[in-house]
Amino acid sequence: MPPDTRSPPFSNLDPMTIADAIESLGFSLGSEPFALNSYENRVVSFRDDDGGRWVAKFYRPARWSNAAILDEHALLGHLETDGVPVGPLWRDAGGRSLFEFADQRLAIFAQVPGRAPSLDDPAQLFALGEVIGRMHASAQSLELLHRPHFDAVSSCSASRETVLASGRLRGRLAADYADISARLIESIESLRLPDAASILVHGDCHVGNLLGDGEHFALVDFDDCMYAPAVQDLWMLLGDDHEQGWRSQLEELVEGYEQYRSFDRAEIQWIELLRSVRLMRHAAWLLARWDDPAFPRAFPWVEGDGFWHDQLRALELQRVAIARKPWLA
C-alpha cells in the first residue's frame, strides 16, 4: 500500500495524556489506566481512589460526528432509565457525557463486571436473547437522527471499492476479488431488506460485548448502534459450525428474546446476507485503518496473499449460501 504521510490517529494519546484526560474530569486515579482490547477506539479501564471501576473510551477521530456520538449516549441513557442492563454512562454535574482533551474526544462508563457468555450453554443463550429482546423493545420508543441505517448493497459496494483502491491486491488476485465480490453483491441485491424491518439495534452484538455471570448479562459498547433488522443482534451469537447446532442455538435465543418482543422468523433468511456484509466490511476495515500503527502490529497477515485467498474462498461460499434456499426457513 502507498505510504501515508498523515499523522496516525491517537498519535498524541500516550499514557500521560490518558491519565490527564481522566483526571481533568474530576477523577482521582487509584490505579494506572490499563489498555483494553480495542482497535477502532482506544479504551482503557481504571480504578478511582474510592475503588470504583471505570472505562474511558477515546473515540477514533473523524469516524463519528459529535451528534452521532451523543445519539449513542442518548440510547444508553434511555436504556438505563428503562432498566435494561447496559454499561452505564457517566455524566458530569452539568449532565455532559462527551468531553474533549488534547484534541481527543472521550466518554466514561462504569465498568461492567463479568465474563463473556458460553454459546454452548442453552441457559446462557436464553439469557442473551432476553437482554437483546429487552433492549430492542425499549429502544422502539426512541428516535435517533444521526445514526446510520443498514444498507447491505451500499455497505458491500463501499467495502469492495476500499479493497480494490488500496493497492494491496494486484494482478490475478485483484481480478478475482473484483469478480467474486461483484457476483456476491448481485446475490445480495436479490435479498434486499425492506425498510420496515429496521429497528434500533446494538449493531455489533458479539460475545465480547455481552458480559455477565452466566445467568444475567449486560450489553456494552454501543459504538455501532444503528437501524437494522432485529436479527442483526442475534446472528453473531450462532457459534456452531453445523446447521443443527445453529437451529438449537437460535431456538434458545429467540425463546429468550420473545419474553420481551416478538421475533419475525422471516428474518432468518437474511443471516447469510448479514454474514457476507460483515466479511466484506472486515477486510475493508483492516485496510482503511492501516495508517493506525496498531493495525499492522495486530494483523500482519493482511499483507500476505494467503489472507486474501482465504477471503476469496469465503466470499464464494457466501455467494453459494445466499443462492441456496435459506437455511432454517
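In the predicted model, Ala152, Ser155, Cys156, Ser159, Arg160, Thr162 and Val163 of helix α4 contact Leu273, Val277, Met280, Arg281, Ala283, Ala284, Leu287 and Ala288 of helix α7. By residue class, this α4–α7 contact comprises ten nonpolar, three polar and two charged residues. The two helix axes are 8 Å apart and make an angle of about 30°, and the crossing is left-handed.

Helix α7 (residues 271-288) also packs against helix α5 (residues 171-189), where the axes come within 11 Å and cross at roughly 150°. This crossing, too, is left-handed. On the α5 side the contact involves Tyr177, Ser181, Leu184, Ile185 and Ile188, and on the α7 side Leu273, Ser276 and Met280. Six of these residues are nonpolar and two are polar, with no charged residue in the contact. Leu273 and Met280 of α7 thus appear in the contact with α5 and also in the contact with α4.

Helix α5 itself contains 19 residues, and the distance from its first C-alpha to its last is 27 Å, close to the 27 Å expected at 1.5 Å a residue. Its buried residues are Leu173, Ala174, Tyr177, Ala178, Ile180, Ser181, Leu184, Ile185, Ser187 and Ile188. In an α-helix there are 3.6 residues a turn, so positions three or four apart point the same way. Among the buried positions, Tyr177, Ser181, Leu184 and Ile188 follow such a spacing. The cover over the buried residues of α5 includes α4 (152-165), α7 and α9 (305-323).

Within α7, Ser276 was examined individually. Its relative accessibility is 0%, and Ser276 therefore counts as buried, the cut-off being under 20% relative accessible area. Leaving aside residues up to four places away in sequence, Ser276 touches Leu184, Ile188, Gln318 and Ile322. Leu184 and Ile188 belong to the α5 side of the helix contact described above. The C-alpha atoms of Ser276 and Arg192 are 13 Å apart in space, with a sequence separation of 84 residues.

The strands were considered next. Strand β1 (residues 34-35) runs antiparallel to β2, to which it is joined by two bridges. The two strands form a hairpin with six residues between them. Phe34 has Ser45 of β2 as its bridge partner. Strand β2 (residues 42-47) has five of its six residues buried and is therefore largely enclosed by the rest of the structure.

Strand β2 pairs in turn with strand β3 (residues 53-58), again in the antiparallel sense, over six bridges. Ser45 has Val55 as its bridge partner in β3, in addition to Phe34. The hairpin of β2 and β3 has five residues between the strands, and Gly51 there adopts a positive phi near 90°.

Strand β3 is likewise mostly covered, with five of its six residues buried. A further antiparallel pairing connects β3 to strand β5 (residues 104-110) through five bridges. In this pairing Trp54 is opposite Ala110 of β5. Strand β3 is thus paired with β2 and with β5.

How values were computed:
Residues numbered from 1 in each chain as written. Predicted model: local features only at pLDDT ≥ 70, side-chain atom pairs only at ≥ 80, totals over all residues. Heavy atoms only, no water. Buried < 20%, exposed > 50% of the residue type's maximum accessible area, 1.4 Å probe, protein only. Helix = DSSP H or I, 4+ residues; strand = E, 2+ residues; numbered from the N terminus. Pairing = 2+ DSSP bridges. Axes fitted to C-alpha atoms, helices over the stretch in contact; angles between N-to-C directions. Left-handed = near helix turned anticlockwise from the far one by under 90°. Contact = heavy atoms within 4.5 Å. Nonpolar A, V, L, I, M, F, W, Y, C, P; charged D, E, K, R; others polar. Expected span 1.5 Å × (residues − 1).
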